[in-house]
Structure formats: structure tokens, C-alpha cells
Amino acid sequence: MFLHIDIDCFFASAERAVNSKLNDLPICVGSRSNLEIFNKKRTDIRLMNDNSGAFVTPVFYSDKVKTFENYFVDEINGRKKIRGIVTTASYEARAKGVKTAMPIAQALQLCPEMIVIPSNYPLYHKLSNQIHAFMRAHIPKVEQFSIDEFFCDISGWKSDDEAYAFAKELQTKVWKHFKIPVSVGISKAKWIAKLATESAKPYGVYEVKDIDTYIENIPIKEFPGIGKGFQKRLASHYIKTLGDIKRNKSLFETWKKPGMQLYGRVTGTDTEGINVKSDRKSIGISRTFDAIDDAIEVKRRIMIMARHIIYMVMAIEVNPTSYYLKINYEYGVRVKKMMTVNRVFSEKVFKETLLQMYEEIVPLHKSAIKLSLNVSNFSSAQLKTLSLLDFDADSKDEKLYKDIHNLRRRFGLDIIKTANEL
């Protein structure tokens with residue numbers, strides 16, 4: 001039997017856990033693209049990069065105290081403008097129409113009395129890891145699926161008849177220990193348990209005993225992993241509910257492995273178990289900002305973001321060989337480039353390659369509004385695939401880059417910058 005445990009409104013609940021004055025009030029946690037990394041002055045940027053699975057993407061932060069005014073409000077030509085989006089809203093705020101990813105300015109129009117709290121990722125990271133440890137102490141098999149979600153397998157440890165009572169007991173213990181509310185879905189199938197959690201919210205427990213009956217009328221968009229593109233594909237075959245999927249097995253068989261994987265998850269016939277720990281497949285960072293038409297500034301920002309990627313690569317000791325750069329411009333224009341570089345990864349190699357990629361894809365007379373960098377295809381276990389022509393020269397620089405990494409780890413990521421970042 002599988003349990004899916006989802007922390008209700010996690011960021012908002014975390015803030016209430018450390019400040020009970022926020023209880024029962026409409027609140028939201030907001031965030032905005034962290035442009036602090038682009039400051040020319042030192043800001044002592046640090047990396048939160050725990051490999052336990054608490055975060056899908058690493059988080060960069062500084063010790064600067066955030067307030068609503070200094071974090072969300074920009075002054076432009078003497079006028080104040082509220083920036084940022086809603087990351088998590090409490091149920092009191094949701095009742096007024098506030099939704100995740102909604103601009104904070106719009107959310108405040110719907111709910112003027114709402115308290116907007118700047119995101120505090122160190123707090124959420126700490127609580128997530130503590131709750132993960134708590135789960136592992138109470139359940140033999142636990143998978144941290146995201147910062148606020150956990151899969152648990154209690155098969156062979158608790159009987160099926162005990163699952164519901166155990167889930168209620170666990171829910172109560174989490175609340176008493178952390179003052180954090182969780183909802184729990186229960187099913188013999190892993191992904192049906194995750195779906196059941198939506199039926200349990202808020203702060204409830206829901207067990208699916210008859211999968212066929214449960215999924216019959218649930219819209220396909222409600223199932224985890226079915227995005228808008230696939231929804232359109234299914235709609236073209238007149239498939240609107242999960243029950244429709246079950247009745248169209250032959251169609252999903254024609255889509256081979258991806259189709260049958262989805263069919264198995266939806267119908268609860270898959271055999272997927274708990275994934276205790278998975279290796280990271282890629283490392284990425286992106287930033288959105290006001291339009292910039294200065295190519296020198298765009299390249300400077302690419303170099304700064306590259307430094308952050310470099311730090312992450314050094315921290316987990318991998319050797320990426322695929323580099324990706326994407327630039328979003330105004331009016332929906334996007335350009336991107338990927339290169340395979342079979343060399344020992346280093347700051348010099350990565351930055352030189354990015355500059356080359358930039359020169360090859362940059363269009364004329366466009367204003368950049370977003371940059372995205374990514375590295376993947378780690379070859380740490382297959383160094384024989386790297387270029388022998390460059391291997392000796394690249395390897396000689398290894399000690400230098402390790403020393404630089406150690407300095408950044410001790411004193412902040414911006415303690416050492418290259419000239420093209422200034």
C-alpha cells in the first residue's frame with residue numbers, strides 16, 4: 001500500500017509554524033526572479049544545494065533581510081510598482097480568488113487585506129529536510145518527490161486494513177511535532193495515491209479502494225504528468241476523463257513505452273515502487289528581468305549565471321559535456337543553442353563556449369528579457385570519452401579551479417569574479 005503525503009500550502013504553513021500570529025489570516029508567500037546575483041557589489045551569495053531531493057532546482061540566497069518594500073516594490077520614474085508572483089497562498093487567500101503564479105499586484109486587488117511574505121528558502125529547506133527525516137524514522141521506505149511531497153510504501157509492514165488509521169496517526173504526529181498540516185492519499189498504486197491526495201485536501205486523509213470507480217469521471221488534466229500538450233492530443237481522440245483512458249488501452253499501446261507508462265499509472269496497473277534517491281541529470285539556472293538591449297550587459301549576465309552553474313558542478317563533482325543557452329527576447333522571440341563539449345569541465349572552458357554560443361545565436365536589434373543556462377550529460381564515470389587532445393591541458397588547471405571553488409564555498413560565490421563579469 002502506498003501513501004502520498006502532501007504538505008498543505010507548504011510555504012505559507014512554514015511561515016505560520018514560526019509565527020502563530022499568521023494563523024487564520026489570508027497570507028501568501030511571494031517570490032520574484034533573484035536579480036541580486038547581477039549586483040556589481042559583493043552580496044555574499046550562497047548556494048542551497050542539498051542532494052536529498054528537497055529542491056528540484058538549487059536556490060541561491062544571501063543574508064539580506066527581505067521586507068515587502070525592499071523585495072517586491074520597485075520605484076520607476078518616481079512611481080512605485082509591485083513586482084513578483086504568488087508562490088503559495090493560504091486557503092483564506094484562495095477563497096478570495098488568489099492563485100499560485102498570479103502577479104502579487106493582482107492578488108492584492110482581489111484580497112487587499114492579504115499579508116504578503118517574501119520567500120524564505122532557508123526556512124523551507126530546513127523544514128523539508130526535518131520532515132523527510134521524521135518520515136524515514138516512522139516508515140521503512142520513503143521517497144521525497146519534491147520539497148513538499150513524499151511517497152511512502154508500507155507494504156509488508158502495515159496491513160491494508162491498517163493503512164487509513166496509520167495515515168491519520170502520522171498526520172497527527174506531523175502536526176504536533178512541526179505545526180505543519182499534511183494531507184494523505186492512500187492506494188495500492190503509487191500514482192493513484194498521489195491523485196487521491198487532491199481528494200484529501202485540506203488536512204484530510206483519502207483512501208482509494210476501487211481504482212476503476214475512483215478514476216471514472218476525473219478530468220485528464222487532474223492527473224499528474226498530463227500537460228496541456230498531451231491534453232490536446234488526447235482530446236483529439238475524444239478522451240476527456242481518466243475513465244476514457246482506461247477504455248482505450250489499444251490506443252496507448254500504439255504510443256509504445258510512454259503511452260503504456262501513462263496507461264499503467266492512470267489505471268493503477270503499473271509496478272512502480274519507491275525511488276529512495278535519484279541522481280541529478282542536469283543543472284540549470286534562469287533569470288527574468290526588464291528588457292535589456294545592451295549586448296555587453298547581456299553577456300555579463302550570462303557570465304555571472306555561468307559562475308553559479310560552475311559552482312554547482314564543482315559541488316557535486318560531475319563533468320557535464322552538453323551546454324545549453326537560451327535567450328528570450330521581447331515579443332515572443334526566442335533563440336537557443338546546445339553544444340557538446342567533450343572536455344574536462346572548467347570555468348575557462350564553460351565561459352569561452354558560452355560566449356561562442358552567444359555570438360552564434362544573438363539576433364540584431366532585440367531586447368533580452370530572460371536568460372537560461374543548463375548543463376547535462378554528465379561523464380564523470382566515462383572520462384575515456386573526453387577529448388585526449390585537450391585532456392592534459394585541461395587537467396593541469398584542475399587544482400586552480402578547486403582552490404577557487406573552496407574560496408567561494410567559504411566566503412560566498414561572488415568572492416572571486418572573472419573580468420567579463422564586472
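Four exercises with worked solutions follow.

This is a predicted model, where local features need pLDDT of at least 70, side-chain atom pairs count only at pLDDT 80 or more, and totals for chains, interfaces and linings use all residues. Residues are numbered from 1 along each chain as its sequence is written, and side-chain values use heavy atoms, with hydrogens and water left out.

**Exercise 1. Cysteines**

Task: Find how many disulfides the model has, and explain the count with C28 and C111.

Solution:
- Start with the rule: a disulfide is a pair of cysteine sulfur atoms within 2.5 Å.
- Take C28. Its closest cysteine sulfur is in C111, 8.8 Å away, so the distance is too far for a bond.
- Turn to C111. The closest cysteine sulfur is that of C28, again at 8.8 Å and too far.
- The count is 0 disulfides.
- Check burial (under 20% relative accessible area is buried, over 50% exposed, partly exposed in between; 1.4 Å probe, protein chains only).
- C28 is buried at 0%. C111 is buried with 0% as well.

**Exercise 2. An open sheet**

Task: Give the order of the 5 strands in the open sheet and name its edge strands.

Solution:
- Strands are DSSP runs of E, at least two residues; helices are runs of H or I, at least four; both are numbered from the N terminus.
- Two strands pair if DSSP finds at least two bridges between them.
- The order reads β9-β10-β1-β11-β12, with mixed pairing.
- The edges are β9 (141-146) and β12 (205-207), each pairing on one side only.
- Neighbouring strands are turned by 15° against each other on average, direction ignored. Axes are lines fitted to C-alpha atoms, for helices over the stretch in contact, and angles run from 0 to 180 degrees between N-to-C directions.
- Now inspect one pair: β11 (residues 182-187) runs parallel to β12, joined by 3 bridges.
- Within this pair, V184 is bridged to V205 of β12.

**Exercise 3. A hairpin**

Task: Describe how β5 and β6 are joined, and find the residue with a positive phi in their hairpin.

Solution:
- β5 (residues 73-76) and β6 (residues 79-82) run antiparallel, with 4 bridges.
- E75 has K80 in β6 as its bridge partner.
- The hairpin has 2 residues between the strands, and N77 takes the positive phi, near 55°.

**Exercise 4. A surface patch**

Task: Locate L407 and state which residues form a nonpolar patch with L407.

Solution:
- L407 lies in helix α16 (residues 398-411).
- L407 is partly exposed, at 35% relative accessible area.
- The patch consists of L407, F411 and I415, with about 220 Å² of accessible area together.

Note on methods:
Patches are made of residues with over 30% relative accessible area and no salt bridge: like charges are joined within 9 Å, nonpolar side chains (Val, Leu, Ile, Met, Phe, Trp, Tyr) within 5 Å. Accessible areas come from the Shrake-Rupley method with a 1.4 Å probe; for residues, only the protein chains shown count as cover. A salt bridge is a side-chain nitrogen of Lys or Arg within 4 Å of a carboxyl oxygen of Asp or Glu.
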